[in-house]
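Visitor: I've got a structure to look through and would like someone to walk me round it. Shall we put it on the screen and go piece by piece?

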Amino acid sequence: MSDHYVKVKVQLEQMKSSGEGVEKEEADIIEDEVLVASPPASVSPIPASGAPAAQRETPKTSVTCRNQSKSRSKLGKDEKNTCTKQDSVPALQGTIVASNANSGKPVNRKDNEQQMLQIKGTGKMLQGKTETNGNTVPIHAPEDIKVGPHNKEDANKVAKRRKPVTVDTFKAKTSLEALKLSIRQLKWKEFPVGRRSACDIYWHGVSFHDNDNIISGQVNKFPGMIEMLRKINLTRAVRTMQELFPEEYNFYPRSWILPEEYQLFSTQINLAKDIDLSQKPTFIIKPDGGSQGDGIYLIRDPGDLRVIAGSHTKQSVVQEYIHKPLLIDKLKFDIRLYVLVKSLEPLEIYIAKEGLSRFCTEPYQEPSQKNLSHVFMHLTNYSLNVQSGNFVHSDSLSSGSKRTFSSVLYRLASKGVDIKKVWSDIISLVIKTVIALVPELKVYYQADIPPGKPGPTCFQILGFDILLMKNLKPVLLEVNANPSMRIEHEQEVSPGVFEYVPSPVDEEVKVGVIRDTLRLMDPAQRKSLTSYPEHQQEEMLGSPVRGTGEEGRVLPSMCLKQVFPKYTKQFSYLRTVERITALFLRFLGVKGNMRLGPTGFRTFIRNCKLSNSHFSMATVDILYIDITRRWASMLPDSREAGMGLQAFVEAFFYLAQRRFKSLPLREQVVSLLEVCEAQLENQGRGDPVGALPEDSTSSTRRSVSCGRTQPGRTQHPHHMSTSTPGQALSAPQLCSPATPRRASSQDYRLHQRLRPTHKGNVEN
């Protein structure tokens, strides 16, 4: 019992002789004591000063009693005045003392209300303990809020800054349950049927275009990601990198695209068999747009192909089959790892520390003509093996047909395997694959969100399917743009009756991935964490959740680990094709277009001064027509005319080989990039300050300038000895479609023209 209460009690005893309604007055004062000690969320505490209430100009509180039921209206007048607001109120340490505690006068509700300051939104503003049963708890004024006439305005600003993050889950589809659970853990606000006003995050189930009316916020899909991760496009992207860096990209099996390369495939395989009769390779056929193992089969001879070359044949990819995989319990398995691409510019990649290991349901045998059709032996797809009678659903994370990847690593470590080396190789595979995808993703991004057009920023969770060979070398099987995020599975409870039951292993892995993705994309966190190193960012992200009222509640440590730009120095030299993409985007001209027309290609040749007496503009036109027609025949579904990025890269390779005949292809390409970027940068320096020409190439002049100091120019292994520590991290990145929106001022453009550049070494 407080001193104030004792003094008031003594005063009441003295008033009993006067007969002035003592019982009612006592009830009111006791209630006032409760209000002073535990003000509602919409009321601020009283300043602990000794000044009388009459000397402070403070507004009256607007706290009123709300009847919660019809029976409440039947209560007596005295009881109606004793109800308090039942909102949850975060607590701060200490107890408020009434300013007139020592005034020597009786205290009643009216006096207390005059002494209390109104601050709405305190429940969202203050941090501390909240009573889940609705009871109020002692609080005091936060130190960052000055008690005075303007408290209400100041507090509303703080409350507005700390309002919960809003997530639109209307299009979430199969990831809905894990997403809902993650949002509840973060204490964010979900809008399951959409929202008229803008949300902070939009969670789409399939593609960026699930909702085309988004002009702000963040979307969990990149434009073009679905197209890029089709079997054929992924193969083409990796092939381009294999031409430049064959040793670095040997983690992807040798592949052929059907039907266009059927003759090449047949000729190469038959020739190899003629040279070495002991060779009996096996090949796996994957439909271009297939998923969940649909349409996949194995062959040992090109004549066994079910798809034959022809104009109406379904497109597929044929790959060499890995016939010596790592086995556990005599079973073949693969690894599903979740990778977050947080942004394209700057490129940010995170890998989940935990993944899934998905096992076949029949003991593995090397492929032979007799067992090629045994899908439960050769294919690791969950959707196929779950139909097997041998599939084991387990509540344990380290047993059954689906387990955590960490349980597999633990088992390998017990046998003496260097699991750090395994993880290092997997991280390298992931980074290299994303680097191969980024160039065309930037083209798709600019087509959907051109510079200057309002639009959201993007991020995406990808599913990498990786196979470990017997020698522990990781092999990339495929990348999924929409990996399943279900945390339940079907179970037959009675004949013909199925129901969804929770899957502990899926929930363990997938909820953490989604929750920590949201934590990384928290608008407030993104702004506040940029100035901190990675290890401090992880510690801060593990702090009490913003907007929760549970004292001491701390989320688990981050399950997503940043791998890029953390390892920029080791991999930035691989970003050569991104520099070619910067040239391509510069000369596209028309916003939203993904194809380069003949005029744009001629402008590229002319501005880079690539034509001469031996390579006339007429020859340039012939080159453009030949390459464009050939790519048009390979992309029959394309409706746009012109030269796409892949065709432009092929033309660039041709020009590099023609100009620098004596060098290897990689050095030829880098040398030509040096020539083009130097010419374009010199032209940029000659322009008047702040007056870029209004032609078809002006919007991308800055992109090429950024490419001049791309880390890849100086961080190739041959350049390591001459680069300074941190050079790769501080050097500007390739400009993305979002960059012109963020840096449109004349001062920035002037800086881009006049800043110093680094001459890259042509020798790689």
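Visitor: How many of the residues of α14 are buried?
Guide: Keep in mind that this is a predicted model. Helix α14 takes in residues 419–448, 30 residues in total. Most of that helix is covered, and the number of buried residues is 24.

Visitor: What distance should α14 span at 1.5 Å a residue, and how far apart are its end C-alpha atoms?
Guide: With 30 residues in α14, the rise of 1.5 Å a residue leads to an expected span of 44 Å. The model agrees with that expectation, as the end C-alpha atoms of α14 are 42 Å apart.

Visitor: Where in α14 does the kink lie?
Guide: Look shortly before the proline Pro-439. The kink there is about 40°, and the residue where it lies is Val-438.

Visitor: And at the start of α14, which backbone nitrogen does a side-chain oxygen of Asp-418 reach?
Guide: The oxygen comes to within 3.3 Å of its partner, and a pair of N or O atoms has to be within 3.5 Å to count as a polar contact. The backbone nitrogen in question belongs to Lys-420.

Visitor: Let's zoom out. How many helices and strands does the protein chain have?
Guide: The protein chain has 764 residues, and 52% of them are buried. Its accessible surface comes to about 36,400 Å², with 51% of that belonging to carbon and sulfur atoms. As for secondary structure, the totals are 27 helices and 21 strands.

Visitor: Of the contacts between residues at least 6 apart in sequence, what percentage join residues at least 24 apart?
Guide: That count leaves out pairs under 6 apart in sequence. For the contacts that remain in the protein chain, the share joining residues at least 24 apart is 71%.

Visitor: On to β14. Which of its residues point the same way as Leu-356?
Guide: In a regular strand the side chains alternate between the two faces of the sheet. In β14, Ser-357 and Phe-359 point the other way from Leu-356, and all these residues are buried. The residue that shares the direction of Leu-356 is Arg-358.

Visitor: Which residue stands opposite Arg-358 in β15?
Guide: β14 is paired with two strands here. With β12 the pairing is antiparallel over four bridges, and on that side Arg-358 is the bridge partner of Asp-334. With β15 there are three bridges, again antiparallel, and the residue opposite Arg-358 is Lys-402.

Visitor: There's also an open sheet of five strands. Which are its edge strands?
Guide: The order is β4-β3-β5-β6-β16, with parallel pairing. Inside that order, β5 and β6 are joined by two bridges, with Ile-201 opposite Gln-218. An edge strand pairs on one side only, and the two that do so are β4 and β16.

Visitor: Is Leu-467 buried or exposed?
Guide: Leu-467 is found in strand β17, where it touches residues including Ile-322, Phe-333 and Val-475. Ile-322 is 145 residues away in sequence, yet the two C-alpha atoms are 8.7 Å apart. The relative accessibility of Leu-467 is 2%, and the cut-off is under 20%, so Leu-467 counts as buried.

Visitor: Which backbone oxygen does the side chain of Lys-510 reach?
Guide: Lys-510 is found in helix α15, a helix with 15 of its 18 residues buried. Lys-510 counts as buried too, because its relative accessibility is 4%. Its contacts include Tyr-338, Leu-356 and Ser-484, and at 2.8 Å its side chain reaches the backbone oxygen of Arg-486.

Visitor: With which side chain does the side chain of Glu-488 make a polar contact?
Guide: Glu-488 lies in strand β19 and counts as buried, because its relative accessibility is 16% and the cut-off is under 20%. Among the residues it touches are Glu-177, Tyr-500 and Pro-502. The polar contact is at 3.1 Å, and the partner is the side chain of Arg-486.

Definitions and conventions
Residues are numbered from 1 along each chain as its sequence is written. This is a predicted model: local features need pLDDT of at least 70, side-chain atom pairs count only at pLDDT 80 or more; totals for chains, interfaces and linings use all residues. Side-chain values use heavy atoms; hydrogens and water are left out. The expected span of a helix is 1.5 Å times one less than its number of residues. The bend at a residue is the angle between axes fitted to the seven residues ending there and the seven starting there. Buried means under 20% relative accessible area, exposed over 50%, partly exposed in between (1.4 Å probe, protein chains only). A polar contact is a pair of N or O atoms within 3.5 Å; within protein, one must be able to donate a hydrogen and the other to accept it, and residues adjacent in sequence count only if both atoms are side-chain atoms. Contact means heavy atoms within 4.5 Å. Accessible areas come from the Shrake-Rupley method with a 1.4 Å probe; for residues, only the protein chains shown count as cover. Two strands pair if DSSP finds at least two bridges between them. Lists of a residue's contacts leave out its neighbours within four places in sequence.
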